[in-house]
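Open the model in your viewer and keep the sequence panel beside it. The tour below goes from stop to stop, saying what to select and what is there.

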Amino acid sequence: MSRANFENELKQLHSRIVEMGSFVETAIDDSIKAFKRGDMALCKTIIVGDKDVDEMEKQIESKCIWLIAREQPIASDLRKITTALKIITDMERIGDHAVDIAELTMRIADKNTFADSIHIPQMAAAAIEMVRNAVTAYVDYDLALAKATEEKDDEVDEYFNVIKQELVEIFKSQPKNMDNAIDFLLIAKYLERIADHAVNICEWVHFSQTGEHKNTLIF
């Protein structure tokens, strides 16, 4: 394979990752819409759509393995392909968490009695932005954006702490709603994990450009 053809294959790989990233962003966004509206039909759509995310992961993984076997890439190219393999794992897990939120929303159903009193939609918006920017940082080889995205994780963590404190107050004032409040806390926890996966993506972006991951030189 010529260098030009190989670079074209890398561009196609990036396009597939952007497509997968867009899909999981939509899944997160839809899961929060379903949560706010109590939309059971949308929850089911998210759950069914997770199969598409799994299939995207398999296809991109196969593409990466094919590129390694066919091209025997140099170190810098191998880092890019390895990064792609790591990123799709994080994105697949992000998709899983969108499903987790949809399933909890279905369990809450008409018992969603205090959704407006907490900051889950704002937390979700911050997490979605992190995912979007993390994928963009990978495609554009943008270390500055990756670093800024990692730093935004503090904002998501702060939302989680606020939500947790609000739910503690609900425990005290509405003990009969304790199970419901725990489900709300789990939704916030899944959003926190989504943000953590975005951070993981950014760390692999750094690796793809420098050969370093968590201050360890790999190749």
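At what angle do helix α4 and helix α6 pack, and how far apart are their axes? Select residues 120-140 for α4 and residues 153-173 for α6: the angle is about 160°, and the axes are 9 Å apart. Axes here are lines fitted to C-alpha atoms, for helices over the stretch in contact, and angles run from 0 to 180 degrees between N-to-C directions. Helices (H or I, at least four residues) and strands (E, at least two) are DSSP runs, numbered from the N terminus.

Before moving on, note that this is a predicted model, in which local features need pLDDT of at least 70 and side-chain atom pairs count only at pLDDT 80 or more, while totals for chains, interfaces and linings use all residues. Residues are numbered from 1 along each chain as its sequence is written, and side-chain values use heavy atoms, with hydrogens and water left out.

**Stop 1: α4 against α6**

Stay with the two helices. α4 and α6 are roughly antiparallel to each other; angles under 35 degrees count as roughly parallel, over 145 as roughly antiparallel, 65 to 115 as roughly perpendicular and the rest as oblique. The crossing of α4 past α6 is left-handed, a label used if the near helix is turned anticlockwise from the far one by less than a right angle, with right-handed used if clockwise.

Now show side chains. From α4, select I120, Q122, M123, A126, A127 and M130; they meet D153, E155, V156, Y159, F160 and I163 of α6. Contact means heavy atoms within 4.5 Å. Sorted by class, this contact of α4 with α6 has nine nonpolar, one polar and two charged residues. In this sorting Ala, Val, Leu, Ile, Met, Phe, Trp, Tyr, Cys and Pro count as nonpolar, Asp, Glu, Lys and Arg as charged, and the others, Gly among them, as polar.

**Stop 2: α3 against α4**

Keep α4 selected and add α3, residues 75-108. The axes of α3 and α4 come within 12 Å and cross at roughly 165°. That makes α3 roughly antiparallel to α4, and α3 passes α4 in a left-handed crossing. On the α3 side of the contact, select K80, T83, A84, I87, M91 and I94; on the α4 side, select V131, V135 and Y138. By class, the contact of α3 with α4 has seven nonpolar, one polar and one charged residues.

**Stop 3: T105 and I187**

Select T105, also in α3. T105 has a relative accessible area of 3% and is buried. Buried means under 20% relative accessible area, exposed over 50%, and partly exposed in between (1.4 Å probe, protein chains only). Leaving out residues up to four places away in sequence, T105 touches S31, A34, F35, M40, C43 and I187.

Go from T105 to I187, which sits in helix α7, residues 178-210. I187 counts as buried, at 0% relative accessibility. With residues up to four places away in sequence again left out, I187 touches F35, I101, L104, T105, I108 and I120. Draw a C-alpha to C-alpha distance from I187 to F35: the two are 152 residues apart in sequence and 9.4 Å apart in space.

**Stop 4: Y141**

Select Y141, in the loop between α4 and α5 (143-151). Most residues other than glycine have a negative phi. Phi of Y141 is near 55°, a positive value in a residue other than glycine. Y141 counts as partly exposed, at 31% relative accessibility.

**Stop 5: the cysteines**

How many disulfides are there? A disulfide is a pair of cysteine sulfur atoms within 2.5 Å, and by this rule the count is zero. Select C64: the closest cysteine sulfur, in C202, is 18 Å from the sulfur of C64, too far for a bond. C64 is buried, with a relative accessible area of 0%. C202 also counts as buried, at 0% relative accessibility.

**Stop 6: the whole chain**

Clear the selection and zoom out. The protein chain has seven helices and two strands, in the order α-α-α-α-α-α-α-β-β along the sequence. The C-alpha trace spans about 65 × 35 × 20 Å along its principal axes. Of the 219 residues in the protein chain, 45% are buried.
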